[in-house]
Amino acid sequence: MQNRYTGDIGDFGKLGLLRQLSSSGFRIGVNWYLVPDENHNNDGRHISYLKKDSFCSCDGSLWRQLGKIVDSSIRRVSALEESSILPATYYSRPLDFSGVEKSSRDALRWEWHCLAVEKLRGSEVVFVDPDNGLMVPSAVGTPKSNKFVLPQELVEYYHSGASVVYYQHKARRPDDFYLAQHEELLASGAFPDSTGAGVKFISTSQRYYFFIIQPRHKAQIEGTLSNM
């Protein structure tokens, strides 16, 4: 997540999903995986949905509140946290590798992650929002690795007792690639007794929200997704 994305079509999708889970009775925790804003592309400018009544009919309250944030020009995750959009516990400390030597990045990330796990402890569903999704080999050890979530980070949230939802950006690959990646993660043995699920959000840039579900949450989460 980057602050410049606040209020765009991606927020409407992710927050709409999380609002449904919250309404089902889950305590929600959010780790934004906040990274410094970039300016090399037009990401974050997908806000035309705020002029379309079809989105209002989907979740009018969310649509109106995001519109107010965009109109205010205060496009920061803190504006989402301070609103009544989603009752949740938030972790918004940036994961910033700017000027950090490669030899020091792992330690910095581990400290950042440990603080996140502690902050979100007690959440029943933890949502993580990396810019790109699961770590890929080409990003390991690079300054861009902060835009991905490590499988071990998901493991620790799961072992803290939470069901986990992670964002996955759809790049130039077919659906089957991302489904296989998620299934491989579940089959690793690191998430005992878990069940998987996924939601594809297709408006504008396509994206996925993949679930790693605790056994005791299975019926409730699957029911919520079915009702959506």
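Where does Tyr33 lie? Tyr33 sits in a loop, the one between strand E1 (28-31) and helix H2 (53-58). The model is predicted, and this loop is a good place to enter it.

Start with the backbone. Most residues other than glycine have a negative phi. Tyr33 has a positive one, near 50 degrees. Is Tyr33 buried or exposed? Its relative accessibility is 1%, and buried means under 20%, so Tyr33 counts as buried.

The loop between E1 and H2 also holds Lys52. Lys52 has a relative accessibility of 43%, so it counts as partly exposed. Now look from Lys52 to Tyr91. The two are 39 residues apart in sequence. Their C-alpha atoms are 31 Å apart in space.

Asp193 also has a positive phi, near 65 degrees, and it too is a residue other than glycine. Where is the place of Asp193? Asp193 is in the loop between H7 and strand E7 (195-201). Asp193 is exposed because its relative accessibility is 64%, and the cut-off for exposed is over 50%. Set the two loop residues side by side: Tyr33 is buried, whereas Asp193 is exposed. Both carry a positive phi, near 50 degrees for Tyr33 and near 65 degrees for Asp193.

Next come the helix pairs. Two packed helices are described by the angle between their axes and the distance between the axes. Take helix H1 (residues 9-23) and helix H3 (residues 60-72). They pack at an angle of about 135 degrees. Their axes are 10 Å apart. Angles over 145 degrees count as roughly antiparallel, and 65 to 115 as roughly perpendicular. The angle of H1 and H3 falls in neither range, and the pair is therefore oblique. The crossing of H1 and H3 is right-handed.

Helix H5 (residues 102-120) packs with H6. At what angle do H5 and H6 pack? The angle is about 25 degrees, with the axes 10 Å apart. Angles under 35 degrees count as roughly parallel, so H5 is roughly parallel to H6. The crossing of H5 and H6 is right-handed.

Stay on H5 for one residue. Arg109 lies in this helix. Arg109 counts as buried because its relative accessibility is 6%. Its C-alpha atom is separated by 8.9 Å from that of Asp96. Arg109 and Asp96 are 13 residues apart along the chain.

Then turn to H6 and what flanks it. Which residues of H6 are buried? They are Glu153, Leu154, Val155, Tyr157 and Tyr158. An α-helix has 3.6 residues a turn, so residues three or four places apart point the same way. H6 is followed by Gly161. The phi of Gly161 is positive, near 110 degrees.

Leu150 is found in the loop between strand E5 (148-149) and H6. Its relative accessible area is 28%, so Leu150 is partly exposed. Leu150 and Leu134 are 16 residues apart in sequence. In space they are 6.3 Å apart, C-alpha to C-alpha.

Leu134 leads on to the largest pocket. Rolling a probe the size of a water molecule over the atoms shows where empty space is left. How much space lies in the largest pocket? About 410 Å³. The lining has 20 residues. Leu134, Met135, Val136, Phe177 and Gln181 lie nearest the centre of the pocket.

What classes of residue make up the lining of the largest pocket? It has 13 nonpolar residues, five polar and two charged. Which elements supply at least two residues each? Helix H6 (151-159), strand E6 (163-169) and helix H7 (175-186) do. H7 gives the most, with five residues. H6 thus has two roles in this picture: it packs with H5, and it supplies residues to the lining of the largest pocket.

End on H7. Ala180 has its place in this helix. Ala180 counts as partly exposed because its relative accessibility is 40%. From Ala180, look across to Leu115. Their C-alpha atoms are separated by 31 Å. Along the chain, Ala180 and Leu115 are 65 residues apart.

Key. Residues numbered from 1 in each chain as written. Predicted model: local features only at pLDDT ≥ 70, side-chain atom pairs only at ≥ 80, totals over all residues. Heavy atoms only, no water. 1 Å grid on protein atoms, 1.4 Å probe; cavity = no way out; pocket = protein on both sides within 12 Å on 5 of 7 lines; lining within 4 Å. Points joined across faces, edges and corners; volume = space filled by probe spheres on them. Helix = DSSP H or I, 4+ residues; strand = E, 2+ residues; numbered from the N terminus. Nonpolar A, V, L, I, M, F, W, Y, C, P; charged D, E, K, R; others polar. Buried < 20%, exposed > 50% of the residue type's maximum accessible area, 1.4 Å probe, protein only. Axes fitted to C-alpha atoms, helices over the stretch in contact; angles between N-to-C directions. Left-handed = near helix turned anticlockwise from the far one by under 90°.
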